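Visitor: Got a minute to go through a model with me? I'd like to start with the pockets.

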Amino acid sequence: MAFGKTGIDWRSTIAAVWRSNRHFLKPITQVELIAPDSLLGIDEQKALLYKNTENFLRGKPSSHALLWGARGVGKTTLIKTLLTRYHSYGLRIIEIPKADLHLLPDITDDLREHHHHFILYCDDLTFEEGQTEYRLLKSTMEGALETPPTNVLVYATSNRRALLPAQMAANLNRDLRSEQAPDADHEYLSLADYFGLSLSFAPMDKETYLAIVDQLFKGKTIDRSALHEEALRFTADRGGYSGRTARHFLTHYQIYM
């Protein structure tokens with residue numbers, strides 16, 4: 001049986017994760033397949049990402065995607081729903097920690113000739129001063145002497161579009177006004193522009209949060225008014241409304257109520 005250079009049988013494996021400590025690509029045997037309809041309040045972002053992914057699978061023009069914005073509103077979960085919708089059409093996802101982005105060229109070399117389509121996924125993509133992994137990320141997306149593989153896209157999530165701290169951005173912007181500004185600064189600032197699809201996620205409103213709570217408690221005989229009051233009280237010291245908070249509230253309710 002042929003397994004390919006990665007050592008993984010991609011016919012039966014739909015997702016994998018890079019393990020830094022053991023330096024190998026680990027197949028994920030228990031993939032969390034999430035129903036797309038379970039995501040509320042992000043219909044526009046969902047439609048755009050799905051369209052981009054469908055184009056990718058069909059060999060049509062498609063873009064690397066950056067999902068950025070508020071915490072806990074469904075960025076990572078939206079990525080997970082791609083497997084639910086498209087794994088039977090040949091989509092595979094490989095999760096790569098930011099610290100291992102320097103391995104992207106080696107990983108894409110092993111995927112380039114494969115008949116499956118791969119999304120390389122990086123969660124919480126931000127860079128601090130002195131980190132240089134962004135250069136290999138850029139070469140993976142844009143290519144250098146060698147054109148980038150047509151069966152690989154990069155999808156990333158971040159809490160901010162600039163991909164670097166605000167103070168550092170201010171310093172670099174000031175430096176760029178100097179004729180001696182190094183080219184690396186330009187590369188650092190322009191990194192987000194290499195993602196052709198940029199999807200912003202606003203903080204969740206109360207109505208969406210309560211709709212998610214209702215969805216999580218679907219089928220349970222509970223006074224909805226009292227449930228909503230308790231759910232809103234639960235958010236008081238948790239930084240606002242989010243799908244993550246709603247899931248934590250479900251666990252809290254099951255344990256203590």
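Visitor: How much space lies in the largest pocket?
Guide: About 520 Å³. A pocket here is an open set of points on a 1 Å grid over the protein atoms alone, where a 1.4 Å probe fits, with protein on both sides within 12 Å along at least five of seven lines. The volume is the space filled by probe spheres set on the points, which are joined across faces, edges and corners.

Visitor: Which residues are closest to its centre?
Guide: Gly-72, Gly-74, Thr-77, Arg-244 and Arg-247, out of 25 that line the largest pocket. Lining residues have an atom within 4 Å of a point. This is a predicted model, with pLDDT of at least 70 needed for local features and 80 or more for side-chain atom pairs, while totals for chains, interfaces and linings use all residues. Residues are numbered from 1 along each chain as its sequence is written, and side-chain values use heavy atoms, leaving out hydrogens and water.

Visitor: What supplies the largest share of that lining?
Guide: α2, with four residues. Helices are DSSP runs of H or I with at least four residues, strands are E runs of at least two, and both are numbered from the N terminus.

Visitor: And how does the lining of the largest pocket divide?
Guide: Seven nonpolar, 10 polar and eight charged. Asp, Glu, Lys and Arg count as charged; Ala, Val, Leu, Ile, Met, Phe, Trp, Tyr, Cys and Pro as nonpolar; the others, Gly among them, as polar.

Visitor: OK, what about the second largest pocket?
Guide: That one holds about 250 Å³. Of its 13 lining residues, Ala-15, Ile-28, Lys-80, Leu-83 and Glu-95 lie nearest the centre. α2 gives the largest share here too, four residues.

Visitor: Switching to the sheet: what's the strand order?
Guide: β2-β1-β4-β5-β6-β3-β7, an open sheet of seven strands with mixed pairing. Strands pair if DSSP finds at least two bridges between them. The edge strands are β2 (24-27) and β7.

Visitor: How many bridges join β3 to β7?
Guide: Five, and the two strands run parallel. Leu-67 stands opposite Leu-199 in β7.

Visitor: Which side chains of β7 are buried?
Guide: Leu-197, Leu-199 and Phe-201, pointing to one face, while Ser-198 and Ser-200 point to the other and are not buried. Buried means under 20% relative accessible area, with a 1.4 Å probe and protein chains only.

How values were computed. Buried means under 20% relative accessible area, exposed over 50%, partly exposed in between (1.4 Å probe, protein chains only).
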